[in-house]
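Let us walk through this structure together, one region at a time. Keep the sequence and the 3D view side by side as you read.

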Amino acid sequence: MQRNVLLVDDEAGIIQAIRRMLRAEPFHIHEASSGDEALAILQRYDIELLITDYKMPGMDGLTLCRKAREISPATYRLLLSGQVDYSALRSAWQQGDVHRFVAKPWDNLLLGIDIKEGLKQHDLLKNLQQVSQAVQTEQAMLLTDNNWIVRMASPLLCEALQCEESDLLGINLFAHALSSMPVTLETDVTRQVEQQQTWLGHFNLTGPRQLNLPAWMAITPLGSQYRLCSCNFVTSDQSPQRDLKDELQRYSGEHHLQRLQQAADDARTEPQLMVVALPEEVSHKDLSSICYERLQAATDDLYEIYSPQPHTFLILLPASVSAEQIERLSQNIQQDFNESVSFQGQPILLQPQISIEQKPTGIAHWDDWLRRRLGLPATSGKEQPRTTTTTPVADQHHASSQFRALPVFNQQGTLTALQAPEASTYNESGWVAWFRAIGNIWQQHFDHELHIIMPAAEQPPASVRAFVKALAEARQRLPLQCHIILGEDCILSQDEADLNWRDELRTQQCQLFIANFGRSFLNSRQILSLPIQGVSLAPEFLIHMRNSKSLPQSRRLLQRIHDHELTIYAPGMDNTEALASAHQSNVDWLSGSVLSRELSADQLQWFSPSAELG
């Protein structure tokens, strides 16, 4: 299917350069040399993507985008220029007149990503022009009132978030229970929909199961009382025609362990343990690993399996598993172990003893029971009431379990850094306690320097300052490096307050990263000229790299960043395709649910050099 693209520039050479770049794509390209000519084309044709220069005789690109929005609201508007008033551009983007800005000279790879994403988002905007028809189709949607309280959720959205509609009703769209977006975004979105305009932007959905589902969301007003939010999830497939249900099934497969863990976390459904005990002769780790694989096959890899000793395996079963299902599962395990195991050239016949354990009544929380069975310290603090006779060691365990961090790994799978929670999670004293708990665990179990990453882009400055003040106190007790991820508006701003803020961060020896490389307004040449020490990749950058045509360009682009000694961080690794792209491109640091969920401080020892995983 041909897509209609309009190129607007008073320099014919620019239009020809973009034409050459797109010559292999199924695009019908229209050309205009002025804003007036472009508006005439927009009135005659269904233009899906508009690429316009900023500096042109007569009407400039920002004015053209604003008028194009009135004529063709579903047209995705991309501004391309080497000279632009950044504050004016930012204002136009916040108002929704411009969807994307690309600086000259552009990178063909990044411009190609922007064009393909723009065409996808055109489809999303087009659907919202026909709201009544869209509601009848299988579209992931939310309906909120004018206070952003969820009143309705479509079945497809609930399927994606792995929850019931009732779990979402009554929740604010921008609350942590449903999204990981900064609250400040609410103001920009509200301003647009109150003007009866449609907002389009990137949105991170989480939901009750705390999955991370990046999406493009379009929000349109339905009268003065309601707003319709329609989602296109960021997928690894390059085809816009891919059935979203297939994508959701893929997500479900990758997150099934997380779902079960979350289900077990529900206090109403305490889990049970199936204990598979093998002869004590199974003491060799390699033989134990073979048995572990047998159990995974017997259980269809549906449940979490722990091994506190080489000959003992604990299978975590949700309470919803019936007695009949447990009996079938036991039979499957017995049948799999009836076949001899070949080990060191010898056949070994193992006859497991299988039993079911429930949480003892004397233990308040099932997590403490499971941790006790695994030989780990309790985390809930509910098993015994705390008294003044509590030992300092016990206090330390209790404190360390209250603070969490997201593990960040290098290419070799070594735990290298920790991403801190959102800055607003704690006040200054809370961050001091967080640093102490994290630092104590790190010094006990790791012999390399601790790196902390704070994703500060679009977070409240006061909260980030509280974090930085606590950082200064923490540096007096332990060696650490801190990396602050800032938005490009903060990095580029020449306001005195922003200049002083960046100076303060450098005084605190913080390394500055720029957020969302691949989605930012800057090209790679401009980024390499900035006084920063690293980049944080936008998730769609790695997804786009799965296209074999894009991979060589992507790797060359990232290599240029490496050559300038900048650190490349890829957060949000939530699918194996993105993870493979990151490895192929020699990304320095990676994090996300496909690697590890957020852990409590004491759980970080699982990744220490001395840890043994069962």
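A good place to start is helix α3 (residues 61-71), where Gly61, Leu62, Thr63, Leu64, Cys65, Ala68 and Arg69 are buried. Here "buried" means under 20% relative accessible area, "exposed" over 50%, and "partly exposed" in between, with a 1.4 Å probe and protein chains only. Helices (H or I, at least four residues) and strands (E, at least two) are DSSP runs, numbered from the N terminus. The cover over the buried residues of α3 includes β1, α2, β3, β4 (76-81), α4 (86-95) and α9 (185-194), where a contact means heavy atoms within 4.5 Å. At the N-terminal end of α3, aspartate 60 acts as a cap, with a side-chain oxygen 3.1 Å from the backbone nitrogen of leucine 62. This is a polar contact, meaning a pair of N or O atoms within 3.5 Å; within protein, one must be able to donate a hydrogen and the other to accept it, and residues adjacent in sequence count only if both atoms are side-chain atoms.

Before going further, a word on the source: this is a predicted model, in which local features need pLDDT of at least 70 and side-chain atom pairs count only at pLDDT 80 or more, while totals for chains, interfaces and linings use all residues. Residues are numbered from 1 along each chain as its sequence is written, and side-chain values use heavy atoms, with hydrogens and water left out.

How confident is the predictor? pLDDT is its confidence in each residue, from 0 to 100; the chain has a mean pLDDT of 80, and 84% of its residues reach 70 or more. Over residues 236-268 pLDDT stays under 50, and the model has 67 contacts beyond four places in sequence for this stretch. Residues 379-398 also have pLDDT below 50, with 24 contacts beyond near neighbours in sequence. Where pLDDT is low, the predicted coordinates should not be read in detail.

Back to α3 and its cysteine: cysteine 65 is buried, with a relative accessible area of 0%. Cysteine 291 likewise counts as buried, at 0% relative accessibility. How many disulfides does the structure hold? It holds zero, a disulfide being a pair of cysteine sulfur atoms within 2.5 Å.

Charged pairs come next. The structure holds 15 salt bridges, each a side-chain nitrogen of Lys or Arg within 4 Å of a carboxyl oxygen of Asp or Glu. One of them joins glutamate 48 to arginine 3, with the closest N and O atoms 2.4 Å apart. This pair links distant parts of the chain: glutamate 48 sits in the loop between α2 (35-44) and β3 (49-53), and arginine 3 in strand β1 (residues 3-8), 45 residues apart. Glutamate 48 is buried, with a relative accessible area of 8%, and arginine 3 is buried, also with a value of 8%.

Another salt bridge brings together arginine 436 and glutamate 473, at 3.2 Å from N to O. Because arginine 436 lies in helix α16 (residues 428-445) and glutamate 473 in helix α17 (residues 461-475), the pair ties together parts that are 37 residues apart in sequence. Arginine 436 is partly exposed at 42% relative accessible area, and glutamate 473 is partly exposed at 21%. Glutamate 473 also meets arginine 477 in a salt bridge, at 3.6 Å from N to O; arginine 477 is partly exposed, at 34%. Elsewhere, salt bridges that share partners join Arg3, Glu48 and Asp123 into one network.

Now turn to strand β10 (residues 226-233), which is mostly covered, with six of its eight residues buried. Strands pair if DSSP finds at least two bridges between them. Strand β6 (residues 140-145) runs antiparallel to β10 and is joined to it by six bridges; leucine 142 has cysteine 229 as its bridge partner in β10. Strand β9 (residues 213-222) pairs with β10 in the antiparallel sense over eight bridges, and tryptophan 216 stands opposite asparagine 232. β9 and β10 form a hairpin with three residues between them, and glycine 223 in the turn has a positive phi of about 70°.

Finally, look for serine 608, in the segment after β25 (599-600). Serine 608 is buried, with a relative accessible area of 6%. Its side chain reaches the backbone oxygen of glutamine 605 at 2.8 Å. Leaving aside neighbours within four places in sequence, serine 608 is in contact with His445 and Phe446.

Notes: pLDDT is the predictor's confidence in each residue, from 0 to 100.
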